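Okay, thanks for coming, everyone. I'll put the model up and then walk through it piece by piece.

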Amino acid sequence: MDKMKALVFRDVGKIELTEIPIPQVKEPDDVLLKVKAVGICGTDVKILEGKHHFKKDTVLGHEFCGEVVAVGSHVRHVKIGDRVAIDNNIRCGFCSFCRMGMSSQCVEIKTSALGVMRDGGYAEYCLVPEKQCYVLPPEIDDILGTQVETLATVVNGMNTLLMLPYDYVLILGFGPIGYLFAQFAKNIAAKVAVTEIDPFRINVAKECGLTVWNPNEVDVVEKITEFTYGRKADIVIEATGNAFEQALQCVTPGGKVLPFGMDSSVRATVIPNEITRWATKILGLYLGQNTMVPAIRIYQEQRLNMKPFFTKVIPLEQGIGAFDDLGLDLKTLQHKPKRAMKIVMKV
Ligand SMILES: [Zn+2]
Ligand SMILES: [Zn+2]
């Protein structure tokens, strides 16, 4: 059987460049992709830290696009030669959540995600179900094509927030997710500020023309109060996973908080009476939901400034080194300052 290069997650802290058999089309709805490019996500970093659910001996990588090279007997919506972006979250289509339009809550969503629970895109080839494929227009190159699913989650957030042109928006955390929300907010809202602790990402925020505060150096509640002429933010997007209490302190009465960053080890104290008294809207949501096509449309029309988003493009063979740039020392599992926004591997 022919072999391919792949980065395989072995266990917490252990990822290996190795050769494994090229997957073969078996199911009638299987699509075999020659992977073109794959992004390294904060989720992949969390998997390596053991802070996200994982499956040993899995090829990681859920942000990828590729070219169709083989299809199963029932495949009829994509054809050989098509370039497709992937929704890595496989929704069953049959549970009551799927059938009532809430596929992000599909009862099977955690059991089958590409690049988490089954082999993903950190490899030369990847087998995906046909319904996860979205054909890319020529305006979206392979590098940007890796970020369709990422944007799809943010579009789900935007659909929920209903951001208005007179909103004051605060985004806590300027990683890739904070970046994408900030691009939308710049296009739509009256005023936007972001917070970030890593010097590299603070510089990217400045390059994007954003107001940025380091919460280790300034009092963010004071800053947002001043910035909004005493009002505080109409919308606070919490994109770190560990600043929920701060989000509640920064939101104006009647305003919205979107807890978007994910860290299952974090606990927060809330005062229910204050949520009632200040009429705070806390809006939970998970993943994208019917937002892959909207995300493609947004990129196709170049609605977002994506230039400073991509820090570097490296070959698959150098992928392991990228975790260091993303702030994780694989030997000690200790954190260090990040030296990148998004790193993409060309395959
Ligand atoms: Zn991701
Ligand atoms: Zn389902």
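So, let me start with a quick check: what span should the 13 residues of helix α5 cover, and how far apart are its end C-alpha atoms? This is a predicted model, by the way. Helix α5 takes in residues 176-188, and at 1.5 Å a residue it should span 18 Å. The end C-alpha atoms are 19 Å apart, so that agrees.

Now, is α5 mostly enclosed or mostly open? It's largely enclosed by the rest of the structure, because 10 of its 13 residues are buried. Among the buried ones are Ile177, Leu180, Phe181 and Phe184. As for what they pack against, the partners are α4 (148-161), β9, β10, β12 and β16 (342-346).

Some of those strands belong to the sheet I want to show you next. It's an open sheet of 6 strands, ordered β11-β10-β9-β12-β13-β14, and the pairing is parallel. At the edges sit β11 (211-213) and β14 (281-282), each of which pairs on one side only. There's also helix α7, residues 220-227, packing on this sheet. Helix α7 touches β9 (168-172), β10 (191-195), β11 and β12 (233-238), and its direction makes about 170 degrees with that of β10.

Over at the β14 end, β13 (residues 251-259) and β14 pair in the parallel sense over 2 bridges. If you want a residue pair to look at there, lysine 256 stands opposite lysine 281 in β14.

Let's zoom out for a second. The protein is divided into two domains: domain 1 is 3-147 plus 306-346, and domain 2 is 152-282. Their C-alpha centres lie 28 Å apart. How many residues are in contact across the two? We get 11 from domain 1 and 13 from domain 2. On the domain 1 side, the touching residues come out as 5 nonpolar, 1 polar and 5 charged.

Next, some antiparallel pairing. Strand β3 (residues 30-40) and strand β5 (residues 63-71) run antiparallel, joined by 8 bridges. Leucine 32, for instance, stands opposite alanine 70 in β5. Strand β5 is also joined to β6 (residues 83-86), antiparallel again, by 3 bridges, and there cysteine 65 stands opposite alanine 85.

Stay with β3, since that's where valine 38 sits. Is valine 38 buried or exposed? Buried: 20 or more other C-beta atoms within 10 Å is what that takes, and valine 38 has 31. Its C-alpha is 6.7 Å from that of cysteine 65, although the two are 27 residues apart along the chain. Leaving out residues up to four places away in sequence, valine 38 touches Gly61, Glu63, Phe64, Gly121, Tyr122, Thr146, Val344, Met345 and Val347.

Last stop, backbone angles. Most residues other than glycine have a negative phi. Where do we find leucines that go the other way? Leucine 162 has phi near 50 degrees, and leucine 287 has a positive phi of about 60 degrees. Leucine 162 is in the loop between α4 and β9, while leucine 287 is in the loop between β14 and α10 (292-300). As for their surroundings, leucine 162 is exposed, with 10 other C-beta atoms within 10 Å, and leucine 287 is partly exposed, with 19.

Okay, that's my tour.

Conventions:
Residues numbered from 1 in each chain as written. Chains lettered and ligands numbered in written order. Predicted model: local features only at pLDDT ≥ 70, side-chain atom pairs only at ≥ 80, totals over all residues. Pairing = 2+ DSSP bridges. Helix = DSSP H or I, 4+ residues; strand = E, 2+ residues; numbered from the N terminus. Contact = placed C-beta atoms within 7 Å. Axes fitted to C-alpha atoms, helices over the stretch in contact; angles between N-to-C directions. Domains from an automatic or database assignment. Nonpolar A, V, L, I, M, F, W, Y, C, P; charged D, E, K, R; others polar. Buried ≥ 20, exposed ≤ 12 C-beta atoms within 10 Å, placed from the backbone. Expected span 1.5 Å × (residues − 1).
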